[in-house]
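Here is a briefing on helix packing and internal space. Please look over the sequence and the model before reading on.

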Amino acid sequence: MSYLGIDIGGTFIKYALLDEQGEALTKTYRVKTHCTDTTNYILDQVIEICQTMQAKYDFDGVAVATAGVVDSTSGTITYAGYTIPEYTGTPIKKRVESVTNRCCTVINDVNAACLGEYWKGFVPDSRPQSMVCLTIGTGVGGAVLIDGHLYEGKTYMAGEVGYLPLPGGRMFQDMASTTALLAHAQEALGYRVSGEQFFALLNDKDEKARFVFDTFIDSLAQGLLTIHYLLNPEYIVLGGGVLAQSAIILPALKQRLSDIAIDKRFLTAKISAAQLGNNAGMLGALYYHLHEAH
(Lines give C-alpha, C1' and ligand atoms only; values in the text may rest on other atoms or scores of the structure.)
Protein backbone atom coordinates (compact mmCIF):
# COMPACT_ATOMS: atom_id res chain seq x y z
CA MET A 1 0.00 0.00 0.00
CA SER A 2 1.12 3.57 -0.63
CA TYR A 3 0.21 6.96 0.80
CA LEU A 4 0.65 10.54 -0.29
CA GLY A 5 2.40 12.53 2.43
CA ILE A 6 2.10 16.32 2.37
CA ASP A 7 3.85 18.77 4.72
CA ILE A 8 2.48 22.32 4.52
CA GLY A 9 4.73 25.07 5.85
CA GLY A 10 4.56 28.81 5.62
CA THR A 11 7.39 28.84 3.08
CA PHE A 12 7.22 25.51 1.23
CA ILE A 13 4.87 22.57 0.69
CA LYS A 14 6.70 19.24 0.54
CA TYR A 15 5.19 15.98 -0.66
CA ALA A 16 6.15 12.43 -1.55
CA LEU A 17 4.70 8.96 -1.95
CA LEU A 18 5.47 6.68 1.02
CA ASP A 19 4.87 3.03 1.85
CA GLU A 20 3.43 1.73 5.14
CA GLN A 21 6.87 1.76 6.75
CA GLY A 22 7.52 5.37 5.80
CA GLU A 23 9.98 4.47 3.06
CA ALA A 24 9.97 6.89 0.14
CA LEU A 25 8.56 5.55 -3.11
CA THR A 26 9.27 8.81 -4.95
CA LYS A 27 11.58 11.71 -4.41
CA THR A 28 10.38 14.49 -2.11
CA TYR A 29 8.95 17.32 -4.18
CA ARG A 30 8.82 20.91 -2.98
CA VAL A 31 6.79 23.91 -4.13
CA LYS A 32 6.74 27.40 -2.69
CA THR A 33 3.68 28.10 -0.54
CA HIS A 34 1.51 30.62 -2.37
CA CYS A 35 0.52 33.39 0.03
CA THR A 36 -0.02 37.09 -0.40
CA ASP A 37 -0.26 39.76 2.29
CA THR A 38 -4.01 39.19 2.55
CA THR A 39 -4.77 35.59 1.59
CA ASN A 40 -3.37 32.18 0.65
CA TYR A 41 -3.89 29.58 -2.07
CA ILE A 42 -2.74 26.56 -0.11
CA LEU A 43 -5.86 24.45 -0.54
CA ASP A 44 -5.74 24.97 -4.32
CA GLN A 45 -2.09 23.89 -4.28
CA VAL A 46 -2.85 20.80 -2.19
CA ILE A 47 -5.68 19.78 -4.52
CA GLU A 48 -3.39 20.23 -7.54
CA ILE A 49 -0.72 18.09 -5.86
CA CYS A 50 -3.26 15.35 -5.12
CA GLN A 51 -4.59 15.35 -8.67
CA THR A 52 -1.13 15.32 -10.23
CA MET A 53 0.09 12.48 -8.03
CA GLN A 54 -3.12 10.46 -8.38
CA ALA A 55 -2.80 10.65 -12.16
CA LYS A 56 0.55 8.84 -11.78
CA TYR A 57 0.08 6.65 -8.70
CA ASP A 58 -2.86 4.77 -7.19
CA PHE A 59 -2.26 5.74 -3.55
CA ASP A 60 -4.47 4.50 -0.69
CA GLY A 61 -4.69 7.62 1.46
CA VAL A 62 -3.45 11.16 2.04
CA ALA A 63 -1.59 12.16 5.22
CA VAL A 64 -1.20 15.90 5.77
CA ALA A 65 0.87 17.85 8.27
CA THR A 66 0.30 21.59 8.34
CA ALA A 67 1.15 24.77 10.18
CA GLY A 68 -1.67 26.10 12.33
CA VAL A 69 -3.99 24.64 14.95
CA VAL A 70 -5.83 21.68 13.42
CA ASP A 71 -9.07 20.01 14.44
CA SER A 72 -7.78 16.57 13.53
CA THR A 73 -11.26 15.05 13.64
CA SER A 74 -12.65 17.30 10.92
CA GLY A 75 -9.29 18.02 9.29
CA THR A 76 -9.95 21.75 9.43
CA ILE A 77 -7.63 24.63 10.38
CA THR A 78 -9.12 26.18 13.51
CA TYR A 79 -6.48 28.86 14.04
CA ALA A 80 -3.59 30.23 12.02
CA GLY A 81 -1.45 33.25 12.74
CA TYR A 82 -0.57 36.20 10.52
CA THR A 83 2.12 34.27 8.61
CA ILE A 84 -0.61 32.45 6.63
CA PRO A 85 -3.48 34.94 6.18
CA GLU A 86 -7.03 33.63 5.80
CA TYR A 87 -5.98 30.04 6.57
CA THR A 88 -8.30 29.67 9.57
CA GLY A 89 -11.33 27.59 8.60
CA THR A 90 -9.69 25.83 5.64
CA PRO A 91 -11.39 22.39 5.25
CA ILE A 92 -8.43 20.36 3.99
CA LYS A 93 -9.76 16.88 4.79
CA LYS A 94 -13.18 17.47 3.25
CA ARG A 95 -11.82 18.88 0.00
CA VAL A 96 -9.06 16.32 -0.44
CA GLU A 97 -11.41 13.41 0.16
CA SER A 98 -13.96 14.79 -2.29
CA VAL A 99 -11.32 15.11 -5.01
CA THR A 100 -9.33 11.91 -4.44
CA ASN A 101 -12.00 9.55 -3.04
CA ARG A 102 -9.34 8.51 -0.52
CA CYS A 103 -9.20 8.88 3.26
CA CYS A 104 -7.34 12.03 4.31
CA THR A 105 -6.01 12.88 7.76
CA VAL A 106 -4.68 16.27 8.84
CA ILE A 107 -2.62 17.18 11.91
CA ASN A 108 -0.52 20.07 13.14
CA ASP A 109 3.05 20.05 11.83
CA VAL A 110 4.75 20.03 15.25
CA ASN A 111 2.50 17.16 16.37
CA ALA A 112 3.49 15.38 13.17
CA ALA A 113 7.19 15.97 13.78
CA CYS A 114 6.79 14.56 17.29
CA LEU A 115 5.13 11.40 15.97
CA GLY A 116 7.80 11.11 13.29
CA GLU A 117 10.55 11.23 15.90
CA TYR A 118 8.67 8.71 18.04
CA TRP A 119 8.23 6.32 15.09
CA LYS A 120 11.60 6.58 13.40
CA GLY A 121 13.89 8.28 15.91
CA PHE A 122 13.88 5.33 18.33
CA VAL A 123 14.22 1.60 17.89
CA PRO A 124 10.79 0.03 18.55
CA ASP A 125 11.70 -1.51 21.91
CA SER A 126 13.08 1.78 23.26
CA ARG A 127 10.29 4.18 22.26
CA PRO A 128 9.36 6.39 25.22
CA GLN A 129 5.88 6.31 26.69
CA SER A 130 5.98 10.05 27.36
CA MET A 131 7.73 12.70 25.31
CA VAL A 132 7.58 16.41 24.60
CA CYS A 133 8.90 17.79 21.31
CA LEU A 134 9.77 21.43 20.77
CA THR A 135 10.59 23.06 17.45
CA ILE A 136 12.73 26.16 17.85
CA GLY A 137 12.53 28.47 14.87
CA THR A 138 10.48 31.56 14.05
CA GLY A 139 8.62 30.81 17.28
CA VAL A 140 8.58 27.81 19.59
CA GLY A 141 6.10 25.04 18.86
CA GLY A 142 5.39 22.05 21.05
CA ALA A 143 3.79 18.62 21.00
CA VAL A 144 3.00 16.18 23.81
CA LEU A 145 3.01 12.38 23.74
CA ILE A 146 1.46 10.53 26.70
CA ASP A 147 1.28 6.74 27.08
CA GLY A 148 2.66 6.37 23.57
CA HIS A 149 -0.08 8.48 21.98
CA LEU A 150 -0.34 12.06 20.82
CA TYR A 151 -2.17 14.29 23.31
CA GLU A 152 -3.95 17.09 21.44
CA GLY A 153 -6.13 18.48 24.24
CA LYS A 154 -9.85 19.21 24.34
CA THR A 155 -9.68 21.79 21.55
CA TYR A 156 -6.51 20.50 19.83
CA MET A 157 -4.33 23.23 21.36
CA ALA A 158 -2.17 21.17 23.71
CA GLY A 159 1.55 21.83 23.42
CA GLU A 160 1.34 25.53 22.54
CA VAL A 161 4.34 26.20 24.75
CA GLY A 162 5.46 29.25 22.80
CA TYR A 163 2.87 31.25 24.73
CA LEU A 164 4.11 30.24 28.19
CA PRO A 165 4.65 33.41 30.24
CA LEU A 166 8.14 34.35 31.39
CA PRO A 167 9.16 37.06 33.85
CA GLY A 168 8.90 40.60 32.52
CA GLY A 169 5.68 40.02 30.60
CA ARG A 170 7.41 38.13 27.81
CA MET A 171 6.34 34.85 26.25
CA PHE A 172 8.57 31.81 25.96
CA GLN A 173 8.98 32.23 22.20
CA ASP A 174 9.86 35.92 22.62
CA MET A 175 13.05 34.82 24.34
CA ALA A 176 13.79 31.21 23.31
CA SER A 177 13.17 31.13 19.55
CA THR A 178 15.86 31.37 16.88
CA THR A 179 14.23 34.62 15.80
CA ALA A 180 14.67 36.01 19.31
CA LEU A 181 18.26 34.78 19.56
CA LEU A 182 19.30 36.57 16.36
CA ALA A 183 17.29 39.71 17.15
CA HIS A 184 18.98 39.98 20.55
CA ALA A 185 22.35 39.33 18.90
CA GLN A 186 21.74 42.22 16.52
CA GLU A 187 20.83 44.50 19.43
CA ALA A 188 23.97 43.55 21.35
CA LEU A 189 26.41 43.54 18.45
CA GLY A 190 25.02 46.49 16.52
CA TYR A 191 24.78 44.56 13.26
CA ARG A 192 22.85 41.64 11.83
CA VAL A 193 24.32 38.13 11.90
CA SER A 194 23.22 34.73 10.65
CA GLY A 195 22.99 31.76 12.95
CA GLU A 196 26.30 30.43 11.64
CA GLN A 197 28.00 33.80 12.19
CA PHE A 198 26.59 34.07 15.70
CA PHE A 199 27.95 30.68 16.76
CA ALA A 200 31.29 31.49 15.14
CA LEU A 201 31.47 34.58 17.35
CA LEU A 202 30.52 32.47 20.34
CA ASN A 203 33.30 30.00 19.55
CA ASP A 204 35.70 32.95 19.28
CA LYS A 205 34.70 33.90 22.86
CA ASP A 206 33.02 37.16 21.91
CA GLU A 207 31.66 38.55 25.20
CA LYS A 208 28.52 40.08 23.69
CA ALA A 209 27.68 36.85 21.88
CA ARG A 210 28.21 34.95 25.13
CA PHE A 211 25.80 37.23 27.00
CA VAL A 212 23.13 36.77 24.29
CA PHE A 213 23.65 33.00 24.27
CA ASP A 214 23.43 32.75 28.06
CA THR A 215 20.17 34.74 28.02
CA PHE A 216 18.79 32.43 25.33
CA ILE A 217 19.78 29.31 27.28
CA ASP A 218 18.33 30.72 30.50
CA SER A 219 14.98 31.38 28.79
CA LEU A 220 14.95 27.96 27.12
CA ALA A 221 15.72 26.34 30.47
CA GLN A 222 12.84 28.20 32.15
CA GLY A 223 10.40 26.74 29.64
CA LEU A 224 11.83 23.24 29.86
CA LEU A 225 11.76 23.35 33.65
CA THR A 226 8.03 24.09 33.54
CA ILE A 227 7.60 21.06 31.25
CA HIS A 228 9.55 18.89 33.70
CA TYR A 229 7.42 19.99 36.62
CA LEU A 230 4.10 19.65 34.79
CA LEU A 231 4.53 16.47 32.75
CA ASN A 232 7.59 14.59 34.05
CA PRO A 233 8.29 13.17 30.56
CA GLU A 234 10.83 10.50 29.70
CA TYR A 235 12.21 12.50 26.77
CA ILE A 236 12.31 16.09 25.58
CA VAL A 237 13.30 16.29 21.92
CA LEU A 238 14.39 19.64 20.50
CA GLY A 239 14.18 20.39 16.78
CA GLY A 240 14.79 23.32 14.48
CA GLY A 241 17.78 24.50 12.47
CA VAL A 242 19.53 25.97 15.52
CA LEU A 243 19.93 22.43 16.88
CA ALA A 244 22.67 21.94 14.31
CA GLN A 245 24.60 23.48 17.22
CA SER A 246 23.38 20.84 19.67
CA ALA A 247 26.94 20.12 20.84
CA ILE A 248 27.01 23.66 22.24
CA ILE A 249 23.35 24.11 23.18
CA LEU A 250 22.54 20.85 24.98
CA PRO A 251 25.36 20.85 27.56
CA ALA A 252 24.70 24.51 28.42
CA LEU A 253 20.96 23.84 28.66
CA LYS A 254 21.37 20.82 30.94
CA GLN A 255 23.74 22.74 33.20
CA ARG A 256 21.32 25.67 33.46
CA LEU A 257 18.43 23.34 34.25
CA SER A 258 20.52 21.82 37.02
CA ASP A 259 21.23 25.30 38.38
CA ILE A 260 17.60 26.47 38.54
CA ALA A 261 15.63 23.31 39.42
CA ILE A 262 14.35 23.11 42.98
CA ASP A 263 15.87 19.64 43.14
CA LYS A 264 17.77 17.63 40.54
CA ARG A 265 15.43 14.68 41.09
CA PHE A 266 12.84 16.58 39.03
CA LEU A 267 15.17 16.54 36.00
CA THR A 268 14.40 13.02 34.82
CA ALA A 269 13.83 13.70 31.11
CA LYS A 270 16.50 12.79 28.61
CA ILE A 271 17.04 15.85 26.42
CA SER A 272 18.17 15.24 22.85
CA ALA A 273 18.21 16.83 19.42
CA ALA A 274 15.69 15.69 16.79
CA GLN A 275 17.04 13.07 14.39
CA LEU A 276 14.81 13.23 11.31
CA GLY A 277 15.22 16.79 10.07
CA ASN A 278 12.89 17.84 7.25
CA ASN A 279 11.33 14.37 6.87
CA ALA A 280 9.77 14.28 10.33
CA GLY A 281 6.53 16.02 9.37
CA MET A 282 5.54 13.71 6.53
CA LEU A 283 6.58 10.60 8.46
CA GLY A 284 4.61 11.69 11.51
CA ALA A 285 1.57 12.55 9.41
CA LEU A 286 1.71 9.03 7.96
CA TYR A 287 2.10 7.46 11.41
CA TYR A 288 -0.96 9.38 12.58
CA HIS A 289 -2.88 8.27 9.48
CA LEU A 290 -2.03 4.61 10.08
CA HIS A 291 -2.02 4.33 13.88
CA GLU A 292 -3.61 7.31 15.65
CA ALA A 293 -6.56 8.54 13.59
CA HIS A 294 -10.00 7.40 14.73
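**Cavity and helix contacts**

The lining of the largest cavity comprises three nonpolar, four polar and one charged residues. The model is predicted. The points below cover that cavity, then the contacts of helix α5 with α6 and with α7.

**Cavity**
- The count is one cavity of 30 Å³ or more.
- The largest cavity holds about 50 Å³ of space.
- Its lining is formed by G68, V69, N108, N111, G142, Y156, A158 and E160.

**α5 with α6**
- Helix α5 spans residues 178-189, and helix α6 spans residues 195-203.
- Their axes come within 11 Å and cross at roughly 60 degrees.
- The two helices are therefore oblique to each other.
- The crossing of α5 and α6 is left-handed.
- From α5, the contact uses L181, L182, A185 and L189; from α6, G195, F198, F199 and L201.
- By class, the residues of this α5 and α6 contact are seven nonpolar, one polar and no charged.

**α5 with α7**
- Helix α7 covers residues 207-231.
- The axes of α5 and α7 come within 9 Å and cross at roughly 150 degrees.
- An angle over 145 degrees counts as roughly antiparallel, so α5 is roughly antiparallel to α7.
- The crossing of α5 and α7 is right-handed.
- On the α5 side, L181, H184, A185, A188 and L189 make the contact; on the α7 side, K208, V212 and F216 do.
- The residues of the α5 and α7 contact split into six nonpolar, one polar and one charged.

Technical notes:
Residues are numbered from 1 along each chain as its sequence is written. This is a predicted model: local features need pLDDT of at least 70, side-chain atom pairs count only at pLDDT 80 or more; totals for chains, interfaces and linings use all residues. Side-chain values use heavy atoms; hydrogens and water are left out. Axes are lines fitted to C-alpha atoms, for helices over the stretch in contact, and angles run from 0 to 180 degrees between N-to-C directions. Helices (H or I, at least four residues) and strands (E, at least two) are DSSP runs, numbered from the N terminus. Angles under 35 degrees count as roughly parallel, over 145 as roughly antiparallel, 65 to 115 as roughly perpendicular and the rest as oblique. A crossing is left-handed if the near helix is turned anticlockwise from the far one by less than a right angle, and right-handed if clockwise. Contact means heavy atoms within 4.5 Å. Ala, Val, Leu, Ile, Met, Phe, Trp, Tyr, Cys and Pro count as nonpolar, Asp, Glu, Lys and Arg as charged, and the others, Gly among them, as polar. On a 1 Å grid over the protein atoms alone, a cavity is a set of points where a 1.4 Å probe fits but cannot get out, and a pocket is an open set with protein on both sides within 12 Å along at least five of seven lines; lining residues have an atom within 4 Å of a point. Grid points are joined across faces, edges and corners, and a volume is the space filled by probe spheres set on the points.
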